[in-house]
Amino acid sequence: MVAGQVLPEQVKTSEWMAWLGDQPWFIRDPARLSENFPLAVKHLLRPQAYRQRLLLDLIAPNAEIGNGYRHLAELVLRGLVGTILTTNFDICLPRVLNDKRPHIRHVAEVNRGPDDFREFDIFNRAQIVWLHGKAEQYTDRNLSEEVAQLDPKLVGVLLPLLQSTPLVVVGYRGAEPSIMTSLLGETGDLAFKKGIFWCHRGGDLHPNVEALQERLGSNFKLCDIDGFDDLFADLDKELARQQRNLGAPVVDAIPNFDDRMMEGATLADLDLDLALHTALQYSRKLGLREPTAGTLKVFLRELGLLVGAAEIERPSIAAMLLFGREPQRFLPHAIVTATIDGKKRKVFAGNLLKQRSELLEWLEQPDVNPTLKVKVRGKHEERRAFHERALIELCINLLVHRDYDDDRPATMEVRGNNGIYFQNPGRLPERVADRLTLDAWGRFEPVHELTSPRNRALCDIFFGMSVMERAGTGLSDVVKFAKEGDGDAIFSIPPGSDDFRAEILQPDASGRSSPVARETRPIGTYVINLMPFSSLPPAVSRVRVSGTMQTIAKKVPLDEIDTALVHSGELWSFAPTPLLHTVLKPVMTEQNVREIPREVLADDSDSARVLSWLLRKHFESHLHALRGQGFMIEPDRKSNRRAYFFGEKNGPRMMIYDTPRRRGVPREVVKQRGDPPRAWFENEGIAYEIARLGSVWGVRVKPFYMFTGPDARTPLPGYARTAKAARRMKFDRNQSVESDLTFWGRFISGGAPVVNLGHGPVKDLLLEGSFMSLDVPEEGLLDVDGDKDQMSA
C-alpha cells in the first residue's frame, strides 16, 4: 500500500487490525475493543493541536445524518425527550435538532467549556449535555486519565435532573469511570427511583453495568435492542400520536466500485448461509467476536457489505460478487472464460467463492498442468509444469484485482506446451503503474511489497479467508515459484490497451537443472471422510417433559421447534428457550427451560453422546429431503446408520454430477445384476455418524453397497448379501476414494459450499459441503539415491 494514498474511511478491517495488533498498547480482546479509543487518542493523536484538528475533521458530517438521529429529533420535537447526555463529541445532535427550527426555537448546550452551565435548566425543552466537553472548544476528554472523573460541578448540576426523571441509556457500553462512578455510581448517592433503562445489543455486560444493576435492583431495567437506528425508529412509530407540552454520518468520499450499492438487489439475493460461513472464517482469522445468524446483518453492515439507509439498505457490489445467488443477473460480465489450445471453452460463473473453487480444480487437470520429466543433476525428475502456488496466486489475482466496472470478462488461455495466459480487464492503478518501469512491450518486473488494491472490500474478505496476503508479494512470489521450477513469469500492460496480462511459462522438458534451493519434500493432499460443521449453535435448550416424542407430538406442535429428541425424560433442542417454553408448556414437568452451553456438554462424555445424537437427527432431516432424488435411510436400523439409493421404477438409477475435470458425468448408482426372474440390484450408499476430531465436529461418511431384490429397494436377507459381496469384487471398477467422496460430497450438499441443517428457529447449524483435506509432507528417499525405492507417507 502506498502511504497516504488511501482515505481513512476506505481502510479495511483486516488492514487496521493487523497494524493495531503490532502496537504494545493495543487491547486485542474483542470484548474490550471499545477501551482502545482513549489509548488510540493518547498514543496516536499528538500533539494536542493535531488531535483537535483531526477530531473536528472526523465529526463534520457533510452528508445526510443517520436515521436514528432523525427519529430522536422527532421525539424531542413532541416533548417526549428533553435532555440528551452524550459522551460523544460529534455534531449530529445539534444538526438534527437545529433542523427542527422554528418548531424548536432554541437548543441549549451545556459543558461546551469549563464551567459552561449557564444554559442548563431542568425544564429545558431541548438541551444537550456534553459530558466530556465539545471538540470545537477543545474540552473533549478522551484520554484514559481524562475520563477517570467528571467535573464535580457538572455532577452537582445534573443530580436533580437524574433523581427526578427516568434515564434511558443507548449506545453506551459503561466502561468510563467518569460516568459509571462519578455520575451513576454510589458516590452520586442516586437511587434512580424513576428507573434506568439500559439498552443492550447482546453479549456480555461490562462489569461496571453489572455492578450498577446489582445496586439498583428493580430500578434497573435491561432492554434488548437491535440497534440505535432501529430503537428510535420503533419508538417514533409506537409513540406517533403522543405529545407532551405542546443514525452515523455518511463519509464524504467517493467509494470504490465494489463498495457501492448494488442497485436493484436485496438481502434475498445473497446466499446468507455462505455469507455466515465466510464471516466465521473472517472473524477467526482476525480474532473478532464470531457472528451468528442473528447478528450477521450487523456484521455485514460493519464490513461495508450492506450499504444505504435503513429503509433502502442493499448489498454492496462486493457482497453480490462474493455471496450472490445469481450475481450474473446484476453483473453479467463477472465471469472467467478459459480455453485449452483455443478449444474446450469453459465459463466459470456464479459468485467469486464458487469461481475460485472451480478454477483451482480446473487448474489441476493434466491437460492444464501436465507432469513433465525434467533433467536435474544428470537425472530425470517428474514434476508439474507449473508451480501450484503460482497458479493459485494468479487465479486469486484474476478474481480479486480485476476492474468489475469494465464489462469485459476475465480470460485464461492454456497454450500447448508453452504456458498459461491470464488477462484482467482494467489497467493497474496509476499510483502503482507510476512506480513500475515498462519496456517497449509494456512488460515490467514486479516491485516487492508494492500494492494498491482496486477492490478493497474483496481483498478484505479474501484476506480474512486466508487465501491471500496483504503484503503485496503476490506477483513477486509468482516469479519466484516459476523460476524455482525452471520456468518463468511475465507481466505486462500492453501499450494502447486497458488490460493487465500475466503469463506463466513452463520449463522445457529435460531442461536444465534448477540452481535455486527449494523444498525437497513433496506435499501430499489427503482427503478425510469427514464433512465438518462450520458453525454450531452456542447452546442447547433442555427441559423435563412427560411422554415420548410420539405422545408429545399429539399434544403440542413440535414442528414449530424444528428437530428435537427426548432422552431420559428430558427434551433436547437447539431452538431458543423462550420458544420452547411457549410450545412445550402443556407437557413440561418443570417450570423453566434450561440453556446449557455447547462446550459444557461436549466436555462430558454422556452429554456429548446425546449432543451427537441431536446433530445426527438434524443431518437425517436433510437426508430425508433427498428422498425425491431416490435416496433413503435404511429403515429399522438402531446402530451403524446407513442410507442408500433405491431404483427408479424398480430398475436402475442414473445420477448426473460434476467433477473437477468434467461436467455432466453420469454415475449409475443403482445397477442391475443378473436377469429376470433372478435379477438383483447393487445400490450405492453411505454409512454415517457424527464424529469429533479434536474440537472439530462433523459427519463421517463411509461409502458401501447395499444389495437389493427385484424391486431395487428392499435389502436382500443378510446371508444373501454376504454371498453377493464376495461376487461384487468381480464387478468392482476400483474407483479412487477421492472420486467417491467428491460424488458424495456434491450429492449431499447439492453442490453448495455449505448446507444449512437448521430450519425455522434453529440458527447457526451449518455443514460444509465438502470433505476435510490435509496437506502432509511425504517423507521418503528423495533425491538421495535414485536407484532405491521411494515410499510416500
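Q: In this predicted model, which element gives the most to the lining of the second largest pocket?
A: The lining of the second largest pocket comprises 17 residues. At least two of them are supplied by each of β20 (539-544) and α19 (577-584). With three residues, the element that gives the most is β20.

Q: What is the volume of the second largest pocket, and which residues lie nearest its centre?
A: By class, the lining of this pocket divides into nine nonpolar, five polar and three charged residues. The volume of the pocket is about 410 Å³. Nearest its centre lie P538, F574, P576, E595 and D764.

Q: Which helix gives the most to the largest nonpolar core?
A: The largest nonpolar core has 73 residues, and L305, F323, W362, M412, F422, F491 and I504 have the most contacts inside it. Eight residues of this core come from one helix, spanning residues 388-400, and that helix is α14.

Q: With which residues is I504 in contact, leaving aside its neighbours within four places in sequence?
A: I504 is among the residues with the most contacts inside the largest nonpolar core. Its contacts beyond those neighbours include F422, which is likewise listed among the residues with the most contacts in the core. The full set is F386, A390, L391, L394, N418, G419, I420, F422, A482, D488 and A489.

Q: Why is helix α16 largely enclosed by the rest of the structure?
A: Helix α16 covers residues 456-464. Its residues R456, A457, L458, C459, D460, I461, F462, F463 and G464 are buried. The helix is therefore largely enclosed, the buried count being nine of the nine residues.

Technical notes. Residues are numbered from 1 along each chain as its sequence is written. This is a predicted model: local features need pLDDT of at least 70, side-chain atom pairs count only at pLDDT 80 or more; totals for chains, interfaces and linings use all residues. Side-chain values use heavy atoms; hydrogens and water are left out. A nonpolar core is a set of buried Ala, Val, Leu, Ile, Met, Phe, Trp, Tyr and Cys residues joined through side-chain atoms within 4.5 Å. Buried means under 20% relative accessible area, exposed over 50%, partly exposed in between (1.4 Å probe, protein chains only). Helices (H or I, at least four residues) and strands (E, at least two) are DSSP runs, numbered from the N terminus. Contact means heavy atoms within 4.5 Å. On a 1 Å grid over the protein atoms alone, a cavity is a set of points where a 1.4 Å probe fits but cannot get out, and a pocket is an open set with protein on both sides within 12 Å along at least five of seven lines; lining residues have an atom within 4 Å of a point. Grid points are joined across faces, edges and corners, and a volume is the space filled by probe spheres set on the points. Ala, Val, Leu, Ile, Met, Phe, Trp, Tyr, Cys and Pro count as nonpolar, Asp, Glu, Lys and Arg as charged, and the others, Gly among them, as polar.
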